[in-house]
Amino acid sequence: MTFADVFADLKGKFLEADISEIKEHLAFQFNITGEAGGIFYVEAKDGELSVEPYEYHDRDAMFTATPEVFSKIAEGKLDPVFAFTTQRLKVEGNIDKALKLKDIIDSKKK
């Protein structure tokens with residue numbers, strides 16, 4: 001599996017979220033480790049979500065994990081806070097804003 005495969009999968013999962021209720025600006029960078037490693041960002045702005053395969057230099061928080069961990073988080077099968085406390089997810093930056101990742105995941109369209 002390549003970074004392009006992993007990114008396409010994760011982008012599709014993140015874009016299922018309905019963030020119309022999230023009014024603040026959030027910018028997260030995701031660093032994927034391992035063979036399919038790479039970087040992408042998720043930005044919530046004006047009730048819209050962007051997911052792009054680039055670095056986000058003015059980010060609020062940065063997450064680092066394996067593709068499997070990010071996939072489970074994006075699917076809602078792994079709580080990001082639990083992943084952090086069990087050391088499967090590394091978080092840097094503004095912790096208050098990083099916790100909003102759960103809001104994005106929980107907002108998936110039913």
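Which residue takes a positive phi in the hairpin of β2 and β3? This tour of a predicted model begins with that residue and then moves outward through the sheet and the helices.

**Stop 1: the hairpin of β2 and β3**

Select Asp46. This is the residue in question: in a hairpin with two residues between its strands, Asp46 takes a positive phi near 55°. The value is found here although Asp46 is not a glycine. Asp46 is placed in the loop between β2 and β3, and it is exposed, because its relative accessible area of 68% lies over the 50% cut-off.

Now add the two strands on either side of this loop. β2 and strand β3, residues 48–52, pair in the antiparallel sense through five bridges. Beside the loop, select Lys45 and then Glu48, its bridge partner in β3.

**Stop 2: strand β2 and its other neighbour**

Select residues 38–45, which form strand β2. Of its eight residues, six are buried, so that the strand is mostly covered, buried meaning under 20% relative accessible area. Next, select residues 26–32, strand β1, which runs antiparallel to β2 and is joined to it by seven bridges. Within this pair, Ile32 stands opposite Gly38 of β2.

The hairpin of β1 and β2 has five residues between the strands. Select Gly34 there to find a positive phi near 95°.

**Stop 3: the whole sheet**

Display every strand together. The five strands form an open sheet in the order β3-β2-β1-β4-β5, and the pairing is mixed. Which strands stand at the edges? They are β3 and β5, the latter comprising residues 90–93; each has a single partner strand, so one side of each is left without a neighbour in the sheet. From one strand to the next, the twist averages 15°.

While the strands are displayed, consider their side chains. In a regular strand, side chains alternate between the two faces of the sheet.

**Stop 4: the edge at β5**

Select residues 61–65, strand β4, together with β5. These two run antiparallel and are joined by four bridges. One pair to pick out is Ala61 with Gly93, its bridge partner in β5.

Then select Val91, which lies in strand β5. Is Val91 buried or exposed? Its relative accessible area is 17%, and Val91 is therefore buried. Leaving aside residues up to four places away in sequence, Val91 touches Met62, Phe63, Phe84 and Ala98. For a distance across the model, select Glu52 as well: Val91 and Glu52 are 39 residues apart in sequence, and their C-alpha atoms are 19 Å apart in space.

Move next to Gln87, in the loop between α3 (80–85) and β5. Gln87 has a positive phi near 60°, though it is a residue other than glycine. Its relative accessible area is 74%, and Gln87 is exposed.

**Stop 5: the helices α1 and α2**

Select residues 3–14 for helix α1 and residues 67–75 for helix α2. Their axes come within 9 Å and cross at roughly 20°, which means that α1 is roughly parallel to α2. The crossing of α1 past α2 is left-handed.

Show the side chains in this contact: Val6, Asp9, Leu10, Lys13 and Phe14 from α1, and Pro67, Phe70, Ser71, Ala74 and Glu75 from α2. Sorted by class, they comprise six nonpolar, one polar and three charged residues.

Finally, restore the strands to the display. α2 lies across β1 and β4, and runs at about 120° to β4.

Definitions and conventions
Residues numbered from 1 in each chain as written. Predicted model: local features only at pLDDT ≥ 70, side-chain atom pairs only at ≥ 80, totals over all residues. Heavy atoms only, no water. Buried < 20%, exposed > 50% of the residue type's maximum accessible area, 1.4 Å probe, protein only. Pairing = 2+ DSSP bridges. Axes fitted to C-alpha atoms, helices over the stretch in contact; angles between N-to-C directions. Parallel < 35°, antiparallel > 145°, perpendicular 65-115°, else oblique. Left-handed = near helix turned anticlockwise from the far one by under 90°. Contact = heavy atoms within 4.5 Å. Nonpolar A, V, L, I, M, F, W, Y, C, P; charged D, E, K, R; others polar.
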